[in-house]
Each structure stands twice: as structure tokens, then as C-alpha cells.
Amino acid sequence: VLGEGAAQRMSATSVPWAGARHEEWAMGVSDCVIPDLAECSGRTLAQLGLRQRFGCTVVGIERQGCMIPLPGPAEALFPRDKVLLLGAPEQTAAAKAAL
């Protein structure tokens, strides 16, 4: 977890490899913010099963200004977390709708 020394906030554009064009991969990075009353609140990434259900991966979480890069399956999501998803556009759109 990066603390106060981290000058940048996490976004699809702050990840160095995300800005490059990779059409041959047919995937990209998208972010979403967990709403206050989301059903996924307090559930771990393993419980949510985003990779199994939608084919996309959580590659980062920004929580209260602190970045959690490459969170493990035991990491839970909470309201106002900014989640960075990696996958094909239709995969990340489906995962965002579910979150």
C-alpha cells in the first residue's frame, strides 16, 4: 500500500502499460467507484469472483487516497473504493454493472 508519499492517484491513465495501444490484446483498463449501498461492500474479491464470472481482473484499488496495487483474493471492497479493472470492454462493463 502506498501512503502519503504517493503523489499520483490511481486511474486507467496512471498505470504505465495501460496507456499504450494494444489492440491485439483486445483488452483495456477501466475504473469504477463502489457506491455507498453496493451489495458487494465488505465482500472479498474471491467471494465476488469477478474473474470467473466476467473474465476481468482487479489490478488495483484506491481507498481513501491509498493505492493497493494487485490486490489479492482476500482483499475486500468497500463503499467509495475506486476499483481498476483489466479486461475486454464487454467484460469490464459487465463487472462494473455487477459491482
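Glu75 is partly exposed, with a relative accessible area of 23%. On this scale, buried means under 20% relative accessible area, exposed means over 50%, and partly exposed lies in between (1.4 Å probe, protein chains only).

The model is predicted: local features need pLDDT of at least 70, side-chain atom pairs count only at pLDDT 80 or more, and totals for chains, interfaces and linings use all residues. Residues are numbered from 1 along each chain as its sequence is written, and side-chain values use heavy atoms, leaving out hydrogens and water.

**Salt bridges**

Side chains of opposite charge can pair when their charged atoms come close. Here a salt bridge is a side-chain nitrogen of Lys or Arg within 4 Å of a carboxyl oxygen of Asp or Glu. The whole structure has three of them.

| Pair | Closest N to O distance |
|---|---|
| Asp36 and Arg80 | 3.0 Å |
| Arg63 and Glu75 | 3.0 Å |
| Asp81 and Arg63 | 2.8 Å |

Arg63, Glu75 and Asp81 are linked in a network of salt bridges. Arg63 and Glu75 form one salt bridge of this network. Arg63 lies in strand β2 (residues 57-63) and Glu75 in the loop between β3 and β4, so this pair ties together parts that are 12 residues apart in sequence. Asp81 and Arg63 also meet in a salt bridge. Asp81 sits in the loop between β3 and β4, 18 residues from Arg63 in strand β2, and the pair links distant parts of the chain. Asp81 is buried, at 2% relative accessibility.

The remaining pair is Asp36 with Arg80. Asp36 lies in the loop between β1 (28-33) and α1 (45-48), and Arg80 in the loop between β3 (66-69) and β4 (82-87), so the pair ties together parts that are 44 residues apart in sequence. Asp36 is partly exposed, at 43% relative accessible area. Arg80 counts as exposed, at 62%.

**Fold and sheet**

The protein chain has three helices and four strands. Their pattern along the sequence is β-α-α-β-β-β-α. Helices (H or I, at least four residues) and strands (E, at least two) are DSSP runs, numbered from the N terminus.

The four strands form an open sheet in the order β1-β4-β2-β3, with antiparallel pairing. Two strands pair if DSSP finds at least two bridges between them. The edge strands, β1 and β3, each pair on one side only. Neighbouring strands of this sheet are turned by 20° against each other on average, direction ignored.

Six bridges join β1 to the antiparallel β4. Val33 has Lys82 in β4 as its bridge partner. Helix α3 (residues 89-98) lies across β1 and β4, at about 150° to β4. Axes are lines fitted to C-alpha atoms, for helices over the stretch in contact, and angles run from 0 to 180 degrees between N-to-C directions.

**Leu48 and the chain as a whole**

Leu48 lies in helix α1. Leu48 is buried, at 4% relative accessibility. Contact means heavy atoms within 4.5 Å. Setting aside neighbours within four places in sequence, Leu48 is in contact with Cys40, Arg43, Arg53, Leu77 and Leu99. The C-alpha atoms of Leu48 and Pro73 are 9.3 Å apart, with their positions 25 residues apart along the chain.

Of the 99 residues in the protein chain, 37% are buried. Among contacts with a separation of 6 or more, 71% join residues 24 or more positions apart.
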